Amino acid sequence: MAEAPAADGLSDEARMLRESIRAFMGKNLSESRIAESEARGSFPWELIGQLREFGYVGGLLPEEAGGFGLTYRAWAMMMEEAGYRWLSLRVLLNTLNIVVALLHHLGDERQKRKWLEPLLRGELPVWVGITEPEHGSDVASVTTRAEERGDHWLVNGNKLWITNGVNGRLGVLVARTFSPRCDGGLSLFLVDRDETEYEASRVGTMFVKATATSQLGFRDARIPRENLLGPEGQGLKAILTGLNYGRLNVAAGAVGAAQAALDLATDYVKTRKQFGKTIGGFQLVQKLIVDMTVRTEAARALTDRAAQAMDQGLSARRECSIAKLYASEAAHEVASMALQAHGGMGYSTDYPIERIFRDTRGGLIPEGTSEIQTLIIGREILGLSAFS
C-alpha cells in the first residue's frame, strides 16, 4: 500500500478495503446472527474463513509467506471495523493472528506445513495459554511445568481465562521447561488436540460471550518433543514482543465499539420523543452526544498514532500503551453514555447497546490492565520502573 495517504490517514486502497469490509459485514453478520451466537455462547467459525480474503487472517505477514503485507495502520482500521460490528469477532481474530505470527516467526518447516497453512485458510480454531489462576499480568511467574521425557514433554499445570479454549484444535502453551538445557525458563509449545489430552471447560463471563472463555488443565499431559515452538527458554521474550500488537488490536477494536455505540445513540435521540419534543434537542442529551464524539475521535487519533509508530519500526511501547489505556476506557465511557441516552431501552437485550456496554468493560483487562498500562507509560516517561 504505497499510495499517498488520504485525508483520513488511509491510502485509497485501504479505504476501498474498508468499504468492502463494511459491505461484507452488513450482509453476513446481522444483529440477529450475533444475538443467536451470544445466546449459544459459540462463534460461527466459518466466518473466519470468509474474512480471509480481506486480510483478516495473517494479513500482516509478507505476501511470500501467505499474508497480505498490510501496514499496521491498515490493520488497525480492520480491527476497528471488526470491533464496530462485534467485539467477540475482534477478540478471536486477535487470538488467531497471535498464533499465526508466532508460527511464522518461530516455527520450523514441519510446524509451518502442518499448522500454519490451515491457519491461513481460517480452518483451525486456536487458543493461547498464558494466564493462570494465580498469574495474570505477571507473565514471568507462570508455574505450569514441562519436563522433558525422551520423545515428549510431560506437562502439569492450569490455565485460566483462555479465549476459545474448549473449541480450539491447536493451542500455544506457555510453560516453564526443565531439561538438560534449561532449568525453568519459559518456553512455548504447540498443543494439538489430536496429539495431546487435556481438560477444557467453559468459564462464564459477562462479556464477549461467544468467545468460549475457558480453563485448561494439564495432568501429565504428553506433548511431542518436536512441538517445542522456538528456542527453549525464550518464551517470555517471544510473548512480550507481541504485546504491542495485542494492545493496538484492543485499542482499535475499542474505537470501533465506541463508534457503534455513538451511532446507535445518535440515531435514537434523533427519533425518540418526550414531552412533545425529539430528545436530541435537549441540551443535556446533546452534551452526551458531544462527549461521546470527542472521546471516540480522541481514541481513534491515539490508536492511529500507535499504528504509525509501529509502521515506522519504533519500539512503540509508549504509544501502544497510551492507545490501549485511553481507547479501552473511553469505549466503556461512551457505551455507558449511549446506554443513558437510550433510557430504559438501553437495558434491553433486544438492543445491541447492552452487549456493547458489557463487552467494552472487558477491554480494560486483556493485554495488560489499565493499571499495568499506567505503570508502563510512567516507566516510559520517567525512565523509572514501578515493577521492581
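**Group meeting talk: strands, a covered helix and the cores**

Five bridges join strand 2 to strand 3, residues 152–162, and the two run antiparallel. That is our starting point. One caution before going on: this is a predicted model.

Stay with this hairpin. It has 2 residues between the strands. Gly150 takes a positive phi there, near 65 degrees. Arg149 stands opposite His152 in strand 3.

Now the other partner. Strand 2 also pairs with strand 4, residues 170–179. Here the sense is parallel, over 3 bridges. Glu147 stands opposite Phe178 in strand 4. Phe178 has another partner too: the charged end of Arg145 sits over its ring, 3.9 Å from the centre.

Which side chains of strand 2 point to which face? They alternate along residues 145–149. Ala146 and Glu148 point to one face and are buried. Arg145, Glu147 and Arg149 point to the other face and are not buried.

Next, helix 4. It covers residues 72–85. How far should its 14 residues span? At 1.5 Å a residue, we expect 20 Å. The end C-alpha atoms are 20 Å apart, so the model agrees with the expectation.

Is helix 4 mostly covered or mostly open? Mostly covered: 11 of its 14 residues are buried. Among them are Arg73, Trp75, Glu80 and Glu81. The three methionines Met77, Met78 and Met79 are buried as well. What do the buried residues pack against? The answer is helix 1 (12–28), helix 5 (87–106), helix 8 (243–271) and helix 9 (283–311).

Just past helix 4 comes an aromatic contact. The structure holds 8 aromatic pairs. One of them is Phe43 with Trp86, and it is stacked. The centres are 5.2 Å apart, with 25 degrees between the planes. Phe43 lies in the loop between helix 2 (31–40) and helix 3 (46–51), and Trp86 in the loop between helix 4 and helix 5. The pair therefore ties together parts that are 43 residues apart in sequence. Both rings belong to buried residues: Phe43 has a relative accessible area of 10%, and Trp86 has 1%. Trp45 joins Phe43 and Trp86 in one aromatic cluster.

On to the cores. The largest nonpolar core has 92 residues. Which members touch the most others? They are Tyr56, Leu89, Leu103, Leu119 and Leu170. Helix 8 gives this core its largest share, 14 residues.

Take Leu119 as an example. Leave aside its neighbours within four places in sequence. Leu119 is then in contact with Val57, Leu96, Val99, Val100, Leu103, Leu124, Val126 and Leu170. Apart from this core lies another, of 15 residues. Trp127, Trp153, Ile162 and Phe189 are among them.

Last, two backbone angles. Most residues other than glycine have a negative phi. Now for two with a positive one. Ala316 has a phi near 60 degrees. Ala316 lies in the loop between helix 9 and helix 10 (317–342). Glu367 has a positive phi of about 60 degrees, and it is not a glycine. Glu367 is found in the loop between helix 11 (353–362) and helix 12 (370–382).

Are these two buried or partly exposed? Ala316 counts as buried, because its relative accessibility is 1%. Glu367, at 21%, counts as partly exposed. The cut-off for buried is under 20%.

Conventions: Residues numbered from 1 in each chain as written. Predicted model: local features only at pLDDT ≥ 70, side-chain atom pairs only at ≥ 80, totals over all residues. Heavy atoms only, no water. Helix = DSSP H or I, 4+ residues; strand = E, 2+ residues; numbered from the N terminus. Expected span 1.5 Å × (residues − 1). Buried < 20%, exposed > 50% of the residue type's maximum accessible area, 1.4 Å probe, protein only. Contact = heavy atoms within 4.5 Å. Pairing = 2+ DSSP bridges. Core = buried A, V, L, I, M, F, W, Y, C linked by side-chain atoms within 4.5 Å. Phe/Tyr/Trp six-rings, centres within 6.5 Å; stacked < 30°, edge-to-face > 60°. Lys NZ or Arg CZ within 6 Å of the ring centre and 35° of its normal.
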